[in-house]
Amino acid sequence: MLKGLIHKWERGLAEKTTNRVIRPFEWGLEFLGGSLAVDASFSSAKEAILDFNRRAVADSENFFGYSMVTDFSLAGDLLTFKSPLQTPYEENNTVYARYFPVPIGRNKKGSKQDEAAQASRRACIVLPQWNADDESHVALCRWLNRVGIAALRLSLPYHDRRRLAGFERADYMVSANIGRTLQATRQAVIDARAGIDWLASRGYDRIGIAGTSIGSCVAFLLFAHDERVRAGVFNHVSSYFGDVVWEGITTTHVRRGLETALSREEVRAVWLAISPNSYAPRMADSRRRLLISARYDLSFPFELSQLLFDECDRNGVNFDRSVVPWGHYTMGEAPFKYYDGYLIVNYLRKHL
């Protein structure tokens with residue numbers, strides 16, 4: 001009974017979005033430059049993309065590597081910098097992040113505490129969901145502040161201030177263009193790593209990460225490639241990027257573009273380089289991580305989350321998990337969002 005009620009609610013919430021656009025399938029080889037550039041010797045674009053993914057997974061340190069940022073600028077609470085991975089779209093090439101520091105306390109005499117006395121400081125990178133606006137997850141950042149954790153809330157590629165002119169949605173983050181979607185997710189990971197550099201330069205030495213939906217995917221990929229992150233919360237986890245796009249109700253319009261050229265199995269293969277399951281072996285360490293999944297999720301189906309749980313188990317990855325009895329869209333509704341926020345904040349409070 002609960003499953004049916006949640007599914008009905010999920011579909012109703014999903015149907016409120018009426019501006020989804022079905023975009024045509026494209027290979028997007030031109031978006032896959034750099035040291036792992038597509039091998040032009042292949043006779044077909046499909047084989048070139050499959051080879052690219054194999055090489056990217058095998059050499060993922062390079063795939064998610066980047067040049068250090070030198071142009072950080074903080075004005076009020078807004079941090080900006082040029083993305084280390086530049087795209088053909090100028091609007092998308094500047095990264096925007098809102099900074100939520102924990103106010104410096106006062107001692108009994110009323111004077112400011114010496115920042116040097118707070119040498120061990122905690123901070124969290126916060127990565128919202130697909131198509132989040134610039135206020136999404138701000139409440140979470142402020143909740144983190146209340147337990148003594150600073151927050152840096154990053155805008156994902158093609159979102160809010162990075163959205164392209166004439167677009168109502170962040171369509172280029174996830175689309176039926178294979179290469180551009182690979183590039184966008186790679187860029188999101190690299191931008192967040194640069195955000196960690198900035199936090200470290202401010203004296204934060206206990207850094208965590210919290211991501212939701214596609215932000216969870218980005219956070220997982222980053223966690224697997226950056227040992228500076230000591231604790232992570234992955235809110236709505238899944239296993240294969242392509243499977244989620246193919247199965248989820250949120251991405252039905254993207255599937256319609258993909259299925260004109262590819263099968264479900266091929267979609268999984270062409271996006272292996274941005275799939276959490278590809279990097280589970282890199283997670284077998286002592287750091288703390290919480291994987292959150294929703295039992296009745298129609299966007300990130302639970303059986304796909306289970307594939308990640310199983311892969312982590314096979315690779316000896318120690319992780320905590322929480323399976324909640326609702327869905328993807330309903331997670332953002334009261335009262336469920338408060339419980340979800342509690343899970344995230346309490347875990348980071350304990351383990352940072």
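In this predicted model, Arg 228 and Asp 197 form a salt bridge, with their closest N and O atoms 2.5 Å apart. The two partners come from distant parts of the chain: Arg 228 sits in the loop between α6 (214-225) and β7, while Asp 197 belongs to helix α5 (residues 178-201), and 31 residues separate them. Their surroundings can be read from the accessibilities. Arg 228 keeps 34% relative accessibility and so counts as partly exposed, whereas Asp 197, with 11%, is buried. The pair doesn't stand alone, either: salt bridges with shared partners tie Arg 193, Asp 197, Asp 226 and Arg 228 into one network.

Side chains of opposite charge can pair when their charged atoms come close. Across the whole structure, a search turns up 22 salt bridges. One that spans a long stretch of sequence joins Lys 46 to Glu 266, with 2.7 Å between the closest N and O atoms. Here Lys 46 lies in helix α2 (residues 45-58) and Glu 266 in helix α9 (residues 264-270), 220 residues apart, so this pair too links distant parts of the chain. Lys 46 is partly exposed, at a relative accessible area of 26%, and Glu 266 is likewise partly exposed, at 24%. Then there is the salt bridge between the side chains of Arg 153 and Asp 160, with an N to O distance of 3.9 Å. In that case both residues are buried.

Turning to the fold, the protein has 11 helices and nine strands. The nine strands make up an open sheet with mixed pairing, and they run in the order β1-β2-β3-β5-β4-β6-β7-β8-β9. At the edges stand β1 (73-75) and β9 (320-324); each has a single partner strand, so one side of each goes without a neighbour in the sheet. From one strand to the next, the twist averages 20 degrees.

Within this sheet, β7 (residues 229-235) and β8 (residues 288-294) pair in the parallel sense, over five bridges. Phe 234 stands opposite Leu 291 in β8. Helix α10 (residues 302-314) packs on the sheet and touches β8 and β9, its direction making about 155 degrees with that of β8. Another helix, α11 (residues 336-351), lies across β4 (121-127), β6 (204-212), β7, β8 and β9. The angle of α11 to β7 is about 170 degrees.

Just as β7 gives way to what follows, there's a residue worth a look: Ser 238 is placed in the loop between β7 and α7 (241-247). With a relative accessibility of 8%, Ser 238 counts as buried, because that is under the 20% cut-off. Leaving aside residues up to four places away in sequence, Ser 238 touches Val 244, Pro 276, Phe 300, Leu 304, Ser 305 and Leu 308.

As for the protein overall, a compact globule of 352 residues would have a radius of gyration near 20 Å, and the computed 20 Å agrees with that. Its C-alpha atoms fill a box of roughly 75 × 55 × 45 Å along the principal axes. Of the 352 residues, 56% count as buried. Among contacts with a separation of 6 or more, 73% are between residues 24 or more positions apart. The protein exposes about 14800 Å², and carbon and sulfur atoms supply 50% of that.

Note on methods: Residues numbered from 1 in each chain as written. Predicted model: local features only at pLDDT ≥ 70, side-chain atom pairs only at ≥ 80, totals over all residues. Heavy atoms only, no water. Pairing = 2+ DSSP bridges. Helix = DSSP H or I, 4+ residues; strand = E, 2+ residues; numbered from the N terminus. Axes fitted to C-alpha atoms, helices over the stretch in contact; angles between N-to-C directions. Contact = heavy atoms within 4.5 Å. Salt bridge = Lys/Arg side-chain N within 4 Å of Asp/Glu carboxyl O. Buried < 20%, exposed > 50% of the residue type's maximum accessible area, 1.4 Å probe, protein only. Rg over C-alpha atoms; globule rule 2.2 N^0.38 Å. Areas by Shrake-Rupley, 256 points an atom, 1.4 Å probe, with all protein chains shown as cover.
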